[in-house]
Each structure stands twice: as C-alpha cells, then as structure tokens.
Amino acid sequence: MDGVRIWVVEDDPEWRGMVVEELEYHGASVRGIESAEALYRDLAVDRCDILVLDVGLPGEDGLSATGHLRRMDGMGIVLVTGRSGTADMAQGLSLGADVYLPKPLELPVLVAALHSLHRRMTRPAPAVTPAGNDPVRDGAAAWSLRADGWDLYAPNGGMLTLTAAERGFLRELFSVPGKAVDREQLIAAITDQPWDFDPHRLEVLVHRLRTRVRNAAGVALPVRALRGIGYMLLSERAEAAD
C-alpha cells in the first residue's frame, strides 16, 4: 500500500482515527474526512486513489455521494456500512461502489479489500483498442478503451470514466471482440476472491454499466449477455443484425 492515496470519510472520529492509523501503518498516504461536504471541498483542489466512504454520514449520505462521485471521477470507492442486506449491497454497487463491506468490520479485512482493489486498479492493461478488420466498429470510429483502460470511448466521441470493476470487465471483452467470455473469467477479472463473489453482482455491474454508458454517450453499449455462458462484445455484423 506504499504511497496509495486513501481518503477515509467517516463521521465517527474514534473509528476514523483507527482506520487512518492502520492504513498509515501499511504505508498508505491517508486523509481523514468527516463528511461528504468536506470531501467535495477537498476534491476541488486534490484527489485520491481510493475512497473509503461510510454510508451513514450526516448531511449527504454515502450512497448519494457515491452516485455523484461516480459520474465525475474514476477513483476506487469502498462503501462501509451497517446495512448488510442484499438489496442494500445491490444499491451500493449499482450506484458505482467497487467494494461493499458490512459492519462490524475488522481492520485486517478492510486492509485486504483495499489492497485487492488497488491491485486490480493498477494491473497493466493489454492493448484493447480494436483495429483493422476487428469487428467492434461503427463506420470509421471504433469503441475503444483509453487512458490505460480507464476511459471508454463510444463511436460518437462520448466518453465514460470506468470503475475498477467495469475496467476489468471490459478489458476482458475488448481483448477478444466478437467472442464469448465466460462468467468465471469475467469474475476473476474484477475480483481477487472469485470464490467469494456473488454471481448476481456481475449482472448488477453490467446493468449499471449499460445505464452509465447510455447516460454519458447517448448510445447503447454493444455487450450481449449469453445465457448460461457469459458476455460478448458485439461485432459490427452482429450489431447490424440486432
């Protein structure tokens, strides 16, 4: 975690101090923040790599802040909350969180989750922009991943900054355009603990990604679900057939 910039947004000063101290012990550059409003002020002049965000904040809560932040920044977001139900987890992930951790939370679990997320975020990206006769094209312009896989560009020039999970998912599809990628491979690309990953979260991620692409670029993401198999980045031929 050496040098990783982590901001901890938590209104409980005692817990916030414990988290900051623990992360600093592991080498991270940490900042403690007491509210979403204070977070926005800091983001106006600085940025972090990963945000640890409590859901039950005074003023604007963590879920609302997650939705706002995901539209404007590509940082990793870890939600920490006492709401451990499936519906709450689905809401947090659909709003753009990369990791959802229920309380009570042990510090080693938080550190491990942050380390795993940072590893996924910094994993070298393959060459992912289709070229030549590769099929993910619309006229002269192709769908492409840029900025080391963090930015998705649509054929019309629209752009979306991706979350770490979305980046991992799309990198797998862009590496083999027009071919099926099975669910297990996709899950392994977005988490270092695939055995502890609820497969329904993949469906939530794809639904959220499609919605975010349409809102940002005004066009549909050319990704098809293949029942019982996984997903595929559609070819121009397949898009035309659709």
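**Long-range contacts and two residues, D54 and M89**

Mentor: In the protein chain, 59% of the contacts (heavy atoms within 4.5 Å) with a separation of 6 or more are between residues 24 or more positions apart. This is a predicted model, where local features need pLDDT of at least 70 and side-chain atom pairs count only at pLDDT 80 or more, while totals for chains, interfaces and linings use all residues. Residues are numbered from 1 along each chain as its sequence is written, and side-chain values use heavy atoms, with hydrogens and water left out.

Trainee: Which strand holds D54?

Mentor: Strands here are DSSP runs (E, at least two residues), numbered from the N terminus. The run covering residues 50-54 includes D54, and that is strand β3.

Trainee: Is D54 buried or exposed?

Mentor: Buried means under 20% relative accessible area, exposed over 50%, and partly exposed in between (1.4 Å probe, protein chains only). The relative accessible area of D54 is 6%, so D54 is buried.

Trainee: For which modified residue does UniProt list D54?

Mentor: The record is an unreviewed entry, and such annotations may be inferred rather than shown by experiment. For D54, UniProt lists 4-aspartylphosphate.

Trainee: How does M89 count, buried or partly exposed?

Mentor: M89 sits in helix α4, residues 86-95, a helix being a DSSP run of H or I with at least four residues. Its relative accessibility is 23%, which is why M89 counts as partly exposed.

Trainee: What distance separates the C-alpha atoms of M89 and R201?

Mentor: Setting aside residues up to four places away in sequence, M89 touches Y100 and R201. Although M89 and R201 are 112 residues apart along the chain, their C-alpha atoms are separated by 9.1 Å.
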